[in-house]
Structures are given as C-alpha cells and as structure tokens.
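Welcome, and please open your viewer for a short guided tour. We will begin with the whole chain and then select a few places inside it.

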Amino acid sequence: MGKGGTLSESVIKKIVLSYSYVAIWIFLSFTVIVYNKYILDKKMYNWPYPISLTMIHMSFCSALAFLLIKVFKLVEPVSMSRDTYLRSVVPIGALYSLSLWLSNSAYIYLSVSFIQMLKALMPVAVYSIGVLLKKEGFKSDTMTNMLSISFGVAIAAYGEARFDVFGVILQLGAVAFEATRLVLIQILLTSKGITLNPITSLYYVAPCCLAFLFVPWIYVEFPVLRDTSSFHFDYAIFGSNSLCAFALNLAVFLLVGKTSALTMNVAGVVKDWLLIAFSWSVIKDTVTPINLFGYGIAFLGVAYYNHAKLQALKANEAQKKVQQADEESGRLLEEKGGGGGDGGEGKKNESEN
C-alpha cells in the first residue's frame, strides 16, 4: 500500500478508537445511573440512603486513588499548596458533594427517564452561571437557545406521569450545583494552570466530599440506620457499584483527553435517549407523548448549542492558524526587508557618489 493507504488506515484507526472511547463512557455512565437507581429505589433493592451511598463511593475512590498515587506510585501527584487547596479544591469539593447527594436522592422520587430530561438543563445552568460570574459573555441568540431548552423541559415536566415536586427540586438543585462546580473549575483551577486527571482529582476532591457529606449524614441518615439496623454491607453490591463509579471517572478522562469535552456532550445526548428507552422498556417507567415532545424540543436546543460550540471551536482554530501564518510571513518579510534595506542603502550611496 502507498502513502495514501497508510494515511487512510491511520484515520480509520483514530475513528474506531474515538467511537470506542464514546462507547465505553456511554456504557459506564449508563451502568452507574441504572445501578444507583436499582439500589436507591424502594421498589427494587430498597436501600434509600443517598448520602450513605455517595459516601461509600467517595471512600472507595479516595482509598483507590491513595493507593495508586502514594503506595504503587503509578500516578504522579500534582504540586499544590495548602492555600490553593483551601481556596480552590475545597469549594469545588463542597459543590461536588452537594451535586452527588441531591442527584442520587432524586432517584428515590423520580423515574430514570424524567431525570435525564431534567438534565438537559445543564447547558442552561452552565451558561447562566458563567454569565453571572463573568466567565461567559451575554449573547442574545445563545440566551434564546437556552430559553428554548428550558421551554422543552417544562413541557416534558408537564407531561410527566410520576411528577414529584420534591424530586424535581432535588434534581434542579443537583444541576445548579454541578454547573457551578464546572464553572469554578475553570476559574479556580484552569486559570492557575492546574490540571487534574481523574486519579489526582479523586485524590484531592473525594476526601473533601467525604468530609462535607459526613455532617448531613450524622443528622439525617445515621440515626435511621442505627435505629432500624437496616445497613448490612453487601460487598458484592456496594463494591461493584463503587468500582463502576470509579471506572466512570477514568472513562471521562479517557473520552475528554482523547477526543474533546464537546464529544462527551454529544455522546451524553445519545446516552440520555438510550436511558429513556431502557427506562420505558425494561424498568417499565411511564413515558408519555408529551414527555417525548417536550424533550424533543430540549434535545434540538442542546443539539444546536453543541453545534454552535463546534463552530466556535473551528473558528478559533482557523483564527490561530491565520495568526501563526501572519506571524511567519511577518518574520520572513523582516528578514528579507533587512537584507534588502542594506542593499538599497548601498545603491543610494553609490548614486550619490
């Protein structure tokens, strides 16, 4: 095969790998969501203690990250001062704990399908908080798109057969805290040049989450668990569930690191449709035509948002290439101009003589 054939094989390999990363992430994200629903739902495993479940996840992830970094030394720790940790990691950890707590709690009250529809509000929350914190510039067309997504989710909520006000409040709170966390990561960490892979992220953030969750757990769930004696640690269930949660963190890093965050957003839309179909066909959740119509509107809004982001990324890349070309041309002209200037000056002196 010629050079063109080799290039074609390389491109095909990259495409196959990209789809593999997407498939792994969708599978693990799908598994964690359904698994958490199974554990927390009173009609299934019937262990409705979301704070305790989240604390088990964080304990498992903290221990595994510690072993990988400090004991086996497979991952290099990030150099971070105490001040940076307190000012940057602690607020992010607090928001992450609240987001996980509320999102897991929502599975007790809402169907998997409806929760995925509510999660379509994430771009709205991220953009709105970004504007409030002056990380994003206000654009009327983007805000119109955000309103269309919100309108679609509102229709989906109107058509929800198992609508629960408290469950909706929990999920919206989870979306708000998660969106704030994502914006703060950009402001507090990325702006300082600190990048955390999933292992180092869990190493620093998971113990912080565990500490924040311990306070509400003592007052909300511990008395119930103590009085009812309903907690018998099932190593098979909670161990495999925690391992899936840990693997999902690695899959996120793999997907974003090898493709892009935008790819994960697009893959997330595919995952949501799969979860809605699974929720309706296997778990037997009721999905109404109004649900689907409203989510369809929200889906189109999210798809347009992702398309706009893709176009913006392409424009930025094109602008960078133009700037690099201009800089290179400028340097060449300076070099030529310098040589030509000496020659011109010599000719001028000869004519004057």
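Start with a cartoon view of the whole protein: you should find twelve helices and zero strands. Bear in mind as you look around that this is a predicted model. Following the sequence from start to end, the pattern reads α-α-α-α-α-α-α-α-α-α-α-α.

Now zoom out and turn the C-alpha trace along its principal axes, where it spans about 110 × 55 × 50 Å. The radius of gyration is 26 Å, whereas a compact globule of 353 residues would have one near 20 Å. For contacts between residues with a separation of 6 or more, 84% join residues 24 or more positions apart.

Next, switch on the surface. The accessible area is about 19,600 Å², and carbon and sulfur atoms contribute 65% of that. Of the 353 residues, 41% count as buried. If you colour by charge, you will pick out 29 positive and 24 negative side chains, with the centres of the two sets 7 Å apart.

Hide the surface and go inside. Which residues have the most contacts inside the largest nonpolar core? Select Trp25, Ile39, Trp47, Phe114, Met117 and Ile199, which hold that place in a core of 82 residues. Then highlight helix α1, residues 3–40: this helix gives the most to the core, with twelve residues. Apart from this core lies another, of five residues, and you can find it by selecting Ala125, Ile129, Val175 and Ala179, which are among them.

Return to Phe114 and show its surroundings. Beyond residues up to four places away in sequence, Phe114 touches Ala156, Ala157, Glu160, Phe163 and Val168.

Val168 leads to the next stop, Tyr109. The C-alpha atoms of Tyr109 and Val168 are 8.4 Å apart, although 59 residues separate the two along the chain. Tyr109 belongs to helix α3, which covers residues 82–109. Setting aside residues up to four places away in sequence, the contacts of Tyr109 are Arg162, Asp164, Phe166, Gly167 and Leu170.

Stay on helix α3 and select Ser88, which also has its place there. Is Ser88 buried or exposed? Its relative accessible area is 0%, so Ser88 is buried. Tyr109, by contrast, counts as partly exposed because its relative accessibility is 30%, which falls between the cut-offs of 20% and 50%. To finish, show what surrounds Ser88: leaving out neighbours within four places in sequence, Ser88 is in contact with Leu188, Leu189 and Lys192.

Conventions. Residues are numbered from 1 along each chain as its sequence is written. This is a predicted model: local features need pLDDT of at least 70, side-chain atom pairs count only at pLDDT 80 or more; totals for chains, interfaces and linings use all residues. Side-chain values use heavy atoms; hydrogens and water are left out. Helices (H or I, at least four residues) and strands (E, at least two) are DSSP runs, numbered from the N terminus. The radius of gyration is taken over C-alpha atoms; the globule rule is 2.2 Å times the number of residues to the power 0.38. Buried means under 20% relative accessible area, exposed over 50%, partly exposed in between (1.4 Å probe, protein chains only). Contact means heavy atoms within 4.5 Å. Accessible areas come from the Shrake-Rupley method with a 1.4 Å probe; for residues, only the protein chains shown count as cover. Lys and Arg count as positive and Asp and Glu as negative; His and the chain ends are not counted. The place of a charge is taken as NZ of Lys, CZ of Arg, CG of Asp or CD of Glu. A nonpolar core is a set of buried Ala, Val, Leu, Ile, Met, Phe, Trp, Tyr and Cys residues joined through side-chain atoms within 4.5 Å.
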